[in-house]
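Let's take a guided walk through a protein model together. Have the 3D view ready, and turn it as you read.

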Amino acid sequence: MGKIKGLPRIGTRYALGETDCFALVLNYLKANGYTVPGEFNGATRENYSELFLANKHRATTLMERFIESELREVRKHEARPGDVLLLRGNPKFLAVEVGNAKIVTACPEMGVVLDNKTNYEVERVFRWEGT
């Protein structure tokens with residue numbers, strides 16, 4: 001498994017808006033040359049945390065729409081290191097494929113984690129061609 005540029009250190013403490021799953025993906029994309037828009041459908045990085053706390057469903061729908069509009073969807077079986085995964089959950093969440101059936105994501109209970117992809121149900125896979 002090669003090193004994926006732009007991911008935080010495993011074990012980094014979870015902080016909404018800084019090291020949550022959406023921030024993790026945005027920071028990863030930015031570190032790999034992607035220009036992250038300052039605003040999307042009225043949400044910014046600064047106010048996304050407030051939106052998430054007020055209405056998780058609305059916030060995760062917005063997160064999914066952002067990923068859909070900015071990245072290209074690929075078939076699940078085509079996932080490769082560097083791809084962004086939308087995982088089923090309540091609420092849905094994001095991860096980055098790092099190879100050898102491993103992903104990096106962030107959760108409130110454990111912070112930034114390296115985990116087996118087989119522990120999750122992958123809903124969709126997205127790719128930015130710059131990675």
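What follows is a tour of the sheet, the helices that lie across it, a few single residues and the empty spaces.

## The sheet

Before you start, keep in mind that this is a predicted model. A good place to begin is the open sheet, which has six strands in the order β1-β6-β2-β3-β4-β5, with antiparallel pairing. At its edges are β1 (72-74) and β5, each of which pairs on one side only. From one strand to the next, the twist averages 35°. What holds neighbouring strands of a sheet together? Strands pair through backbone hydrogen bonds, either parallel or antiparallel.

The table sets out three of the strand pairs.

| Strand pair | Sense | Bridges |
|---|---|---|
| β2 and β3 | antiparallel | four bridges |
| β2 and β6 | antiparallel | four bridges |
| β4 and β5 | antiparallel | six bridges |

Let's look at β2 in more detail. This strand covers residues 84-87, and its partner β3 covers residues 93-99. A hairpin of five residues joins β2 to β3. Across this pair, Leu-86 stands opposite Leu-94 in β3. With β6, the bridge partner of Leu-87 is Val-122.

Which way do the residues of β2 point? Val-84 and Leu-86 point one way, while Leu-85 and Leu-87 point the other way. This fits a general pattern: in a regular strand the side chains alternate between the two faces of the sheet. In β2, all four of these residues are buried.

Now move along to β4 (residues 102-107) and β5 (residues 111-116). These strands form a hairpin too, with three residues between them. You can follow individual bridges here: Ile-103 has Asp-115 as its bridge partner in β5, and Val-104 has Leu-114.

## Helices across the sheet

Two helices can be placed against the strands. Helix α1 lies across β2, β3, β4 and β5, and it runs at about 50° to β3. Helix α3 lies across β2, β3 and β6, running at about 40° to β6. Try turning the view until you can see each helix against its strands.

## Two glutamates to compare

Is Glu-123 buried or exposed? Glu-123 sits in strand β6 (residues 122-127). Its relative accessible area is 16%, so Glu-123 counts as buried, the cut-off for that being under 20%. Leaving aside residues up to four places away in sequence, Glu-123 touches Lys-76, Leu-86, Leu-87, Arg-88 and Lys-92. You have already met Leu-86 and Leu-87, which belong to β2.

Glu-50 is found in helix α2 (residues 45-54). Glu-50 is exposed, because its relative accessible area is 56% and the cut-off for exposed is over 50%. You can also use Glu-50 to practise reading distances: Glu-50 and Arg-80 are 30 residues apart along the chain, and their C-alpha atoms are separated by 33 Å.

## Empty spaces

Now for the spaces between the atoms, starting with the largest pocket. How much space lies in it? The answer is about 330 Å³. Its lining has 20 residues, and those nearest its centre are Cys-21, Phe-93, Ala-106, Cys-107 and Pro-108. At least two lining residues come from each of α1 (21-31), α2, α3 (56-70) and β4. The largest share, three residues, is supplied by β4. Sorted by class, the pocket lining has 15 nonpolar, two polar and three charged residues.

How many cavities of 30 Å³ or more does the structure hold? There is one. The volume of the largest cavity is about 190 Å³. It is lined by 16 residues, of which Phe-22, Leu-26, Thr-44, Arg-45 and Tyr-48 are the closest to its centre. Helices α1, α2 and α3 each supply at least two residues of this lining, and the largest share, three residues, comes from α1. By class, the cavity lining divides into 10 nonpolar, three polar and three charged residues.

## Looking back

To finish, return to the whole model and find the sheet again, with its six strands in the order β1-β6-β2-β3-β4-β5. Then pick out α1, which lies across four of the strands you have visited, β2, β3, β4 and β5, and which also supplies residues to the lining of the largest pocket and of the largest cavity.

Methods. Residues are numbered from 1 along each chain as its sequence is written. This is a predicted model: local features need pLDDT of at least 70, side-chain atom pairs count only at pLDDT 80 or more; totals for chains, interfaces and linings use all residues. Side-chain values use heavy atoms; hydrogens and water are left out. Two strands pair if DSSP finds at least two bridges between them. Buried means under 20% relative accessible area, exposed over 50%, partly exposed in between (1.4 Å probe, protein chains only). Contact means heavy atoms within 4.5 Å. On a 1 Å grid over the protein atoms alone, a cavity is a set of points where a 1.4 Å probe fits but cannot get out, and a pocket is an open set with protein on both sides within 12 Å along at least five of seven lines; lining residues have an atom within 4 Å of a point. Grid points are joined across faces, edges and corners, and a volume is the space filled by probe spheres set on the points. Ala, Val, Leu, Ile, Met, Phe, Trp, Tyr, Cys and Pro count as nonpolar, Asp, Glu, Lys and Arg as charged, and the others, Gly among them, as polar. Axes are lines fitted to C-alpha atoms, for helices over the stretch in contact, and angles run from 0 to 180 degrees between N-to-C directions.
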